[in-house]
Amino acid sequence: MLMTRSHLSDATLRKLPAGTKIPAYDRGRIAPGIVHLGVGAFHRAHQAAYVDECLAAGETDWGITGVSLRSPDTRDALSPQDGLYTLAIRSSGEEELRVIGSIQSMLVAPEDPGAVLAALTDPRTRIVTLTITEKAYLRAAGGGLDAAHPDIIHDLANPQAPKTAHGFLAEALARRLAAGTPPFTVLCCDNLPANGATLHRLLTEFAALRDARSVTAGDTGITDHIANGVAFPSSMVDRIVPATTDADRARVAGELGVDDAWPVMTEPFRQWVVEDNFSAGRPAWEKFGVTMVGDVGPFEDMKLRLLNGAHSGIAYLGLLSGHATVDRAFADPAIREFVDGLWEEAIPTLPADAGLDTSAYTAELAERFSNTALAHRTAQIANDGSQKLPQRIIAGAIERIQAGFRPECLTLVIAAWIAACEARGKTLPDNHFTDPLDTALAALGERRTLERVAAVFDLAGFAKGSPERQTLIELVAAHRVHIRQGGAALALSALGILPAIPGKT
């Protein structure tokens, strides 16, 4: 007869093996203070872990209500576990298991948008955090709100039952304003340039469209309130979080003696830099390693251009070279040399007077990319390249051209993304990774290289309005020719980066 193993829950916490870190507080005494939109693995490895430490220190009014804007999968995994999950912190030599208890409840927006709005309008909610990925901000090619997106159109017509983060935030802020409840602070934690200001601008644009449809005589609407009365601090977040596998679940269950439907894998390193602009209070995050600053910009640019930019290069060149994980790609001497070249191009675009230690930062990145325990899939990083490359690669490349240099490594990343998209269904599996522009890219058909690259730039809005756009297109087109003729190896060798010769060092 098969024995059924119990699952992680409040009831089984005290039965876990000695040495397992569990919530050091009475979860029943925690009050909700944060609503988080987009409860994916990154949030659970990052913000929720920081909040867990705050709760343990006695700041008991900052429990998290998690909201999934699309899928019920996370709710279905965590609700039977009372919101508990295991954070597996892995390095090449060891693993530490920590049970996180900061998520009190989970909601699924498509199932019950009213419940989500009730959580957002609860006066106890003082901060709303977001990790919804770049594409969910629904930006048009020029960077403004995509007012023609079907979900935006739906939310403007149905403010009581929204689908998007924009719709939920606007409706909740409108209800709080009408009730005389102070607004919550909106804290964006996604990889967007000036993410707080970006979300502020997008939500103000959405509110203006909403007011244009619904404001009646004597009603001032909510546009001015959102534009001038709500805090939108920027933040920079950093922690590598690979997708959880069934092998991960089995290993964690074996260690704990209970099943965890969705443990989260991560690395020891973590960083959170937050603009200290909160209108309704905040946890004392600085006591637990969060850097509270007046200007996030320099930290954000360093992370986007050195970590995220390198990650994209490793992912696309790794896929074209047959490497399934970041550590394997980074162990390829040619890709390793390429990353050094990318850093050499990107570092001069960072502010010189901000006190950034780029040497220490890139040395730490090299160690993190070499972490064999994470098995961070290149295909996972490759998703949504059209949304990620503008801030990770293109902005820095434009600055290098303006300074009189040819950003060969930065533009090779763009060419590698185009080539990796084209390789799906050929040398890569169908749907090996996805992009919001997949349908439009497929419709381009066969074109000459320069024409095709220009068409991709048009679709993605890359360097739109920039005088350096044509130079970028020509550099990318030259790299694409090399990739088509001889793969990533030829493109790298054209930069003077030669593959390692077996037996030689």
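# Reading helices, cores and pockets in a predicted model

Reader: Which elements do the buried residues of α13 pack against?

Author: Two strands and three helices are listed: β8 (235-238), β10 (271-275), α10 (297-320), α11 (326-330) and α12 (333-346). Keep in mind that this is a predicted model.

Reader: Which residues of α13 are buried?

Author: Start with the cut-off. Buried means under 20% relative accessible area, and exposed means over 50%. In α13, T358, Y361, T362, L365, A366, R368 and F369 are buried. S359 and E367 are exposed, on the other side of the helix.

Reader: Why do the buried residues of α13 line one face?

Author: Look down the helix axis. The buried residues fall within an arc of 165°, so they line one face of α13.

Reader: What span should the 12 residues of α13 have, and how far apart are its end C-alpha atoms?

Author: Allow 1.5 Å a residue. Helix α13 (residues 358-369) should then span 16 Å, and its end C-alpha atoms are 16 Å apart, so the two agree.

Reader: Now the cores. Which residues touch the most other members of the largest nonpolar core?

Author: F338 and W417 do, in a core of 68 residues. Helix α16 (residues 408-423) gives the most to this core, with 13 residues.

Reader: What does F338 touch?

Author: Leave out residues up to four places away in sequence. F338 then touches G313, L317, C409, L412, V413, L492 and I497. There is also a second, separate core. That core has 38 residues, including L107, L138, A170 and V230.

Reader: Back to W417. Where does it lie, and is it buried or exposed?

Author: W417 lies in helix α16. Its relative accessible area is 0%, so W417 is buried. Again leaving out residues up to four places away in sequence, W417 touches Y316, G385, S386, L389, D435, L441, V456 and F462. For a distance, take Q380. W417 and Q380 are 37 residues apart along the chain, and their C-alpha atoms are separated by 13 Å.

Reader: How many cavities of 30 Å³ or more does the structure hold?

Author: There are 2. The largest cavity holds about 50 Å³ of space. Its lining is made of I240, H311, V326, D327, R368, F369, N371, L374, A375 and H376. Helices α11 and α13 each supply at least two residues of that lining. R368 and F369 of α13 are thus named twice here: they are buried, and they line the largest cavity.

Reader: And the second largest pocket. What is its volume, and which residues are closest to its centre?

Author: Its volume is about 580 Å³. It has 24 lining residues, and the closest to its centre are A419, C421, E422, A423 and K426.

Reader: Which helices supply at least two residues of the lining of the second largest pocket?

Author: They are α10, α16, α17 (438-442), α18 (449-460) and α19 (469-493). The largest share, 6 residues, comes from α16. Helix α16 also gives the most to the largest core.

Reader: Next, backbone angles. Which way does phi point in most residues?

Author: Most residues other than glycine have a negative phi. This structure offers two cases to check. T133 is not a glycine, yet has a positive phi of about 75°. L138 is not a glycine either, and has a positive phi of about 55°.

Reader: Where are T133 and L138 found?

Author: T133 is in the loop between β6 (127-130) and α5 (150-157). L138 is in the loop between β6 and α5. Their accessibility needs its own check. T133 has a relative accessible area of 29%, so it is partly exposed. L138 has 10%, so it counts as buried.

Reader: One charged residue to finish. Is R27 buried or exposed?

Author: R27 is buried, with a relative accessible area of 14%. R27 sits in the segment before β1 (32-37). Its contacts, apart from neighbours within four places in sequence, are D10, D82, G83, L84, G101, I103 and Q104.

Reader: And D301, where does it lie, and what is it in contact with?

Author: D301 lies in helix α10. At 23% relative accessibility, D301 counts as partly exposed. Beyond its neighbours within four places in sequence, D301 is in contact with L306 and L350. D301 and A253 are 48 residues apart in sequence, and their C-alpha atoms are 39 Å apart in space.

Key:
Residues numbered from 1 in each chain as written. Predicted model: local features only at pLDDT ≥ 70, side-chain atom pairs only at ≥ 80, totals over all residues. Heavy atoms only, no water. Core = buried A, V, L, I, M, F, W, Y, C linked by side-chain atoms within 4.5 Å. Buried < 20%, exposed > 50% of the residue type's maximum accessible area, 1.4 Å probe, protein only. Helix = DSSP H or I, 4+ residues; strand = E, 2+ residues; numbered from the N terminus. Contact = heavy atoms within 4.5 Å. Expected span 1.5 Å × (residues − 1). Arc of directions from axis to C-beta. 1 Å grid on protein atoms, 1.4 Å probe; cavity = no way out; pocket = protein on both sides within 12 Å on 5 of 7 lines; lining within 4 Å. Points joined across faces, edges and corners; volume = space filled by probe spheres on them.
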